[in-house]
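Reader: Hey, can you walk me through the model I've got open? I'd like to hear about its pockets and strands.

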Amino acid sequence: MTSMLTLTLPEPKTRIKAEAGEVLLVTNADLRESANVNCWPVQQKFENKLKTVLTERFGVTMKRAHPVKTDRGHGFISSQREGSDVFEGIDPDAPVIVLLTAWQYSHHLAPSLVTHRGPVLLLANFDGTWPGLVGMLCMAGTLTSLDKPYSRLWSENFDDTFFLEGLGSWLKSGTIVHKTDYLHPLDKSHPIMRSPMGRLGTEVGRYILEHKEIIGLFDSFCMGMINGVFPQKALTSVGMPLEALSQSDLLVEMAKVPRSLREECLSWYETRGMRFNFGSDPASDLTREQVLEQCAMLIAMARFVQRFGLSAVGVQYQQGLANSCAASDFAEGAIGSAERFPIPDEQGRIIRPGKAIPCINEVDMGTAIPQTMLWRLLDSLGLPSETTLHDIRWGSIFEGTFYWDFEISGSIPFSHLKGGIAGATGYRQPPMYFPKGGSTIAGQGKAGSFIWARAHYEGTEVVLHIGTGKAVELPPAEFDRRLGATTREWPLMNCVLDGVGRDDLMAGHQSNHITVAYVAEEHLADVARALAAQGLTQNMRVFLAGDLGTRI
């Protein structure tokens with residue numbers, strides 16, 4: 001006789017509800033507890049600001065949906081398991097504000113937000129030192145990629161008219177509608193496609209579809225960025241398939257690089273004027289051994305490029321190799337530069353001499369696409385082809401003009417810096433994030449015109465935004481102020497985006513990252529025309545941003 005099976009599951013949680021006149025608050029941050037503890041005082045400050053404005057301005061009570069973890073020194077959600085458990089205990093129809101005041105790992109919350117039925121507001125502080133805006137843009141892009149409706153809002157102090165009107169709209173209707181008419185849709189009927197540069201871009205697009213630009217990434221899914229992990233169909237549809245590589249193999253290949261070659265590589269950069277801020281304590285200082293290890297990584301990465309016939313390469317970063325070896329930054333910037341230490345393969349042949357190899361920092365596929373597209377296009381036109389991504393880190397007004405602060409710890413090519421290699425300084429990556437150290441490539445972004453782009457996906461379709469801008473060299477005192485308000489060890493690019501204001505980009509951009517390539521002013525419009533045609537040919541939906549949408 002067959003016995004009956006008995007099903008036993010954990011008891012369901014009692015759900016936290018939002019009564020009339022209440023909203024629930026959740027907050028998300030880092031996987032690394034050192035960062036969470038560091039950022040917690042600022043989160044508390046903005047929670048108090050939000051609580052006050054909700055109560056005094058709108059008569060709404062804010063209720064925290066998860067407790068402060070006093071034993072751990074913060075009240076952030078800091079893992080996907082924790083985020084899932086928190087939302088299991090929330091009424092699925094409750095209005096939820098996700099307050100972000102620091103970098104956050106989107107995957108902690110995104111799977112739960114997708115199934116949450118109530119209105120969701122992503123709210124960020126607009127600050128360089130505590131960049132909730134960066135985390136919010138990442139979470140926004142992630143929810144867009146997961147087809148989840150949400151609202152977004154940002155403010156410096158939670159007291160300006162823009163913020164108050166937006167918050168009031170969300171409290172009343174559950175939505176905030178931002179103007180995104182700075183984005184101009186383009187299709188294959190546009191006259192650009194029939195222009196001389198459009199025809200050249202079409203040729204490049206067809207070449208990529210037929211030839212394939214293979215993107216080699218050492219692991220993926222960096223720091224919770226779901227928006228940076230594209231469906232395979234999306235990549236193959238645009239002719240840019242993935243070569244999935246393992247960081248464990250990168251470590252093996254690094255170990256094969258002899259010390260003599262590492263020393264030769266480091267000496268090459270020192271001879272050309274790069275300054276390394278060396279110290280003696282590897283726990284807190286940059287040491288020569290750390291940079292020699294980065295040189296081994298540079299050489300190993302190039303050998304993988306050669307071996308697999310890659311068009312671009314990227315390293316997962318932080319949660320991958322941070323506890324195993326020195327940070328990837330120096331290697332990333334160096335491999336992405338056309339002026340590069342001549343790297344020999346195992347037979348002694350120099351790998352792609354004089355050619356930049358696009359480096360995909362943080363293995364973000366949404367920047368891998370435009371970086372590799374621009375590299376192929378610019379190189380084919382005989383123009384400088386170095387590309388990079390930046391965090392949309394912050395921005396503020398100087399002498400009446402709003403200048404963005406674009407900043408990234410890795411992948412910036414030397415040609416993007418004032419003074420090139422000689423204008424670069426290597427500082428140790430902050431120990432809070434990088435126990436094994438490693439050199440950054442710090443410096444001031446050079447003045448000049450540039451093209452910018454970003455790809456995201458909707459379903460399995462790739463969407464490409466393209467715009468232009470101008471980088472400026474701010475006076476030393478102002479540049480130093482901005483460095484002090486962001487991360488001093490990293491390179492900083494100050495710029496304006498043509499016809500795209502601060503709140504435009506914050507409302508419509510689908511990532512914490514932006515891709516840039518310098519293009520001389522006399523060629524800028526032509527390159528933009530070609531890139532737009534290239535994107536359409538590669539089966540993307542293309543939008544021209546700001547002035548670009550009306551100028552060409």
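Reader: Which element gives the largest share of the lining of the largest pocket?

Author: That's α1, with 4 residues. Helices (H or I, at least four residues) and strands (E, at least two) are DSSP runs, numbered from the N terminus. A pocket is an open set of points on a 1 Å grid over the protein atoms alone, where a 1.4 Å probe fits, with protein on both sides within 12 Å along at least five of seven lines; lining residues have an atom within 4 Å of a point.

Reader: Wait, is this an experiment or a prediction?

Author: It's a predicted model: local features need pLDDT of at least 70, side-chain atom pairs count only at pLDDT 80 or more, and totals for chains, interfaces and linings use all residues. Residues are numbered from 1 along each chain as its sequence is written, and side-chain values use heavy atoms, with hydrogens and water left out.

Reader: Ok, back to that pocket. Which residues lie nearest its centre?

Author: P131, R393, Y433, T487 and W490, out of 30 lining residues. The space in the largest pocket is about 520 Å³, where a volume is the space filled by probe spheres set on the grid points, joined across faces, edges and corners. Both α1 (33-58) and β11 (388-398) supply at least two residues of this lining.

Reader: And the second largest pocket, how much space is in there?

Author: About 340 Å³. It's lined by 18 residues, with R152, T180, A507, G508 and Q510 nearest the centre. Among the elements supplying at least two lining residues each are β5 and α14 (502-508).

Reader: New topic: what's the strand order in the open sheet?

Author: The order is β2-β1-β3-β4-β5, 5 strands with parallel pairing. Two strands pair if DSSP finds at least two bridges between them.

Reader: Why is one side of β2 and of β5 left without a neighbour?

Author: β2 (61-64) and β5 (151-155) stand at the edges with a single partner strand each, so one side of each has no neighbour in the sheet.

Reader: What packs on the sheet?

Author: Helix α4 (residues 132-145) does, touching β3 (96-100), β4 (120-125) and β5; contact means heavy atoms within 4.5 Å. The direction of α4 makes about 155° with that of β4, using lines fitted to C-alpha atoms (for helices over the stretch in contact), with angles from 0 to 180 degrees between N-to-C directions.

Reader: How many bridges do β1 and β2 share?

Author: Strand β1 (residues 22-26) pairs with β2 over 4 bridges, in the parallel sense. For V23, the bridge partner in β2 is M62.
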